[in-house]
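The following account is intended to be read alongside the sequence and the structure. It proceeds from whole chains to single helices and residues.

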Amino acid sequence: MHDKQAWPLYEVFVRARGGLDHKHVGSLHAVDARMALEHARDLYTRRQEGVSIWVVASKDITASDPSESESLFEPARDKIYRHPTFYDIPDEVKTL
Amino acid sequence: MSTALATDSSSDLFRYVLRLGDLSLILGQRLGELVGHGPALEEDLGLANIALDLVGQARLLLTYAGEIEGAGRDEDTLAFLRDHRDYFNAVLVEQPNGDFAHTIVRQVLIDAFQQELYSRTLGSNDERLAAIAAKAEKETRYHLRYSSGWLVRLGDGTEESHQRAQAALNLLWPYTVELFSADALDIQMAEAGIAPALADVQQAWSLRMNDILAEATLTHPPERPFHWYGKRGEHSEHLGYILAEMQSMSRTYPGARW
Amino acid sequence: MYTQGLDQPAELSTSLDEASLERRFLERVDAEEKIEPKDWMPVRYRNTLIRQISQHAHSEIVGMLPEGNWITRAPTLKRKTILIAKVQDEGGHGAYLYSAAETLGVSREQMIDQLLAGKAKYSSIFNYPTPTWADVGAIGWLVDGAAIMNQLPLCRCSYGPYARAMVRVCREESFHQRQGYDLMLQLARGTPEQKQMAQDALNRWWWPALMMFGPPDADSMHSSDSKRWKIKRLSNDELRQKFVDFTVHQANFLGLTLPDPQLKWNEAQQRHEYGPINWAEFEQVLKGNGPCNAERLAARRKAHADGAWVREAAVAYAAKQSKKRASLAA
């Protein structure tokens, strides 16, 4: 009975203003992408918070596994040579 | 108020603007009954959004009407102290919400009408009306997208939803005749370049409705004569109840400010 | 992300045991790190949040009814539009909160089923009737005021999705309180009948508003865990006291009298003392015996039941379209 009535979950991303990224704002239920867009418009942009909406079925999102965070993200921490502040450029050289 | 056409042109414009404003107001009022009772939380928000837009349109139009009349009536005096014989909405919008199919069918019929009407009022000789139409047209585009989307889902959904949608369509279709029957006031407004010719509005509306009904797999109901003249203040029994509820506070506390 | 399938805790590495996972979890909470949906969390933390967030969501949805009741009778067009917008916001808040709860592994259907079966709680306050227009003002001023007091600290709650939903809600809620107070101000400055209407509404809503903060700290079952996990950051009594102190000043400005003969300023403690709350009434309302419990639930059940064929139709339509696209692609 419930499967016939259940509307799948969609994740909603809104670009608040031109020049900004789409940001994840939450989720909602809809039967298809068109309905999801309309629901997102009515739910997440009532106060002029949007110029563009993306909706993605939640099942289509692949997320990284927190238990793998160490191997995914820690190795980047000690590569400080990727940051400009690692390099000591003499003050006389003004354009770098 | 006399039902005979007055010769004073500002009184004509007054009545014409009220036709538009009352249409939005009564439909907005009907939708207001539904908030919190829709088939899904997301639809409560969608219907409330439409209600909000419609009441907003009514406020602009009734305010303008009051200015045209020049007798000191504002949007609230007009909304809350007129008797049903002085309301000029087409009777389609008075019809009860019924089930969701009835609500959606009524909505599509009016949204398509307002879409064609407002888009042809953008170039009106009446600047104020053109400005109101410009704002309202964007709202109506979204309303039509929402309501026609739902009509298609209901028409082409399950056997039950199809039957309910067809039944609602058969019931409400005859009321659309009134929207397009041009009386002396409509003709006069069209000739003055203030309003579009209703024949043009009807043609566009019919084409649009054909497309929507086809996609919804619904059958065009047979044309039937109608007997209502809400545009001239002759209403169905429903308006009395609607106004009694809407106006109850103003009638109970005359002169109070809120 | 927030998909239902991903809410199950990740496979446990054999080198970690439950106790050290819980220790790491508490360290993160203490360090004000946010817990996100896929992170490891104690079962009790997950269940507490599901209970609290879903109750919060249910409250918003049921809360649409006492005020929605006045949309068709709002005395001016401007008030009508404000009220529609407010009720729409409440529905929206419910949606944000259901969305946050779903990140913890419970579905919207499950939560709705529990509500309609009478198994889920929602805020006691919405079981009181709104017989007059002034009630709309009182709800905005007092009920939304109390809600803001509760919700502001929740913006810093340890669970990311709930905290973010609360930030959104709080931004919208302050409009709710202001429109309610503005409504009351207009009544208080109006005709004698309007002023009486406002006083009568205040008399009926004051005590239920104080009860919104929950039982006294000494009697509250869930408090200590909730504090440890930074879900609840201030106690019931602390929040209630803050609310009283703010609201007394607001009521005085309106020229209305709070229905508490024992209300008085305590100079030494710099707070208002207030009279005893009728906790027996609170118990009854929570049990389902409040004046409108049956009515509110019946309305929700009816909407849900009447809407079943609609929801089914939408699903059926989407399935047909999906099939059509698949066969075209083939």
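Helices, as the term is used here, are DSSP runs of H or I with at least four residues, and strands are runs of E with at least two, both numbered from the N terminus. By that numbering, C:E32 lies in the loop between α1 (18–30) and α2 (43–68) of chain C. The model in view is a predicted one.

C:E32 is a suitable place to begin, for its backbone has a positive phi of about 60 degrees although the residue is not a glycine. Its relative accessibility is 44%, and C:E32 therefore counts as partly exposed, the class between the limits of 20% and 50%. A second non-glycine residue with a positive phi is C:K230, where the angle is near 55 degrees. C:K230 also belongs to a loop, namely the one between α8 (223–228) and α9 (236–254) of chain C. With a relative accessibility of 17%, however, C:K230 counts as buried.

These two loops belong to a chain whose secondary structure comes to twelve helices and two strands. Read from the N terminus, the order of elements in chain C is α-α-α-α-α-α-α-α-α-β-β-α-α-α. The radius of gyration of chain C is 22 Å, close to the 20 Å that the globule rule gives for 330 residues, so the chain is as compact as a globular protein of that length. Along the principal axes, its C-alpha atoms fill a box of roughly 75 × 55 × 35 Å. Of the 330 residues in chain C, 59% count as buried. Among the contacts in chain C with a separation of 6 or more, 78% are accounted for by residues 24 or more positions apart. The chain exposes about 14100 Å², of which carbon and sulfur atoms supply 54%. It carries 43 positive and 39 negative side chains, and the centres of these two sets lie 5 Å apart.

A residue within chain C illustrates contacts between parts that are separated in sequence. C:Y98 is found in helix α3 (residues 77–102) of chain C, and it is buried, with a relative accessible area of 1%. Leaving out residues up to four places away in sequence, C:Y98 touches C:A57, C:H58, C:I61, C:R108, C:M111, C:I112 and C:L115, together with B:L41 of chain B. C:Y98 and C:A165 are 67 residues apart in sequence, while their C-alpha atoms are 9.9 Å apart in space.

Chain B supplies another residue with contacts across chains. B:D156 is placed in the loop between α5 (127–155) and α6 (159–172) of chain B. Is B:D156 buried or exposed? It is buried, at a relative accessible area of 10%. When neighbours within four places in sequence are set aside, B:D156 is in contact with B:E215, B:A216 and B:T217 in chain B, and with C:Y317, C:K320, C:Q321 and C:K324 in chain C.

Helix α8 of chain B, residues 184–191, shows how burial can be arranged around a helix. Its buried residues are B:L185, B:D186 and B:M189. Viewed down the axis of α8(B), the buried residues fall within an arc of 100 degrees, so they line one face of the helix. An α-helix has 3.6 residues a turn, so residues three or four places apart point the same way. The buried residues of α8(B) pack against α1 (9–32) and α9 (198–215) of chain B. Just after α8(B), B:G193 takes a positive phi of about 70 degrees.

Chain A remains to be described. It has three helices and three strands, which run α-β-β-α-β-α from the N terminus on. What is the radius of gyration of chain A? It is 21 Å, whereas a compact globule of 96 residues would have a value near 12 Å. The C-alpha trace of chain A spans about 70 × 35 × 15 Å along its principal axes. Buried residues make up 31% of the 96 residues in chain A. Among contacts in the chain between residues at least 6 apart in sequence, 42% join residues at least 24 apart. Chain A exposes about 6600 Å², and carbon and sulfur atoms supply 54% of that area. The mean positions of its 13 positive and 16 negative charges are 9 Å apart.

Note on methods:
Residues are numbered from 1 along each chain as its sequence is written. Chains are lettered from A and ligands numbered from 1 in the order in which they are written. This is a predicted model: local features need pLDDT of at least 70, side-chain atom pairs count only at pLDDT 80 or more; totals for chains, interfaces and linings use all residues. Side-chain values use heavy atoms; hydrogens and water are left out. Buried means under 20% relative accessible area, exposed over 50%, partly exposed in between (1.4 Å probe, protein chains only). The arc is that of the directions from the helix axis to the C-beta atoms. Contact means heavy atoms within 4.5 Å. The radius of gyration is taken over C-alpha atoms; the globule rule is 2.2 Å times the number of residues to the power 0.38. Accessible areas come from the Shrake-Rupley method with a 1.4 Å probe; for residues, only the protein chains shown count as cover. Lys and Arg count as positive and Asp and Glu as negative; His and the chain ends are not counted. The place of a charge is taken as NZ of Lys, CZ of Arg, CG of Asp or CD of Glu.
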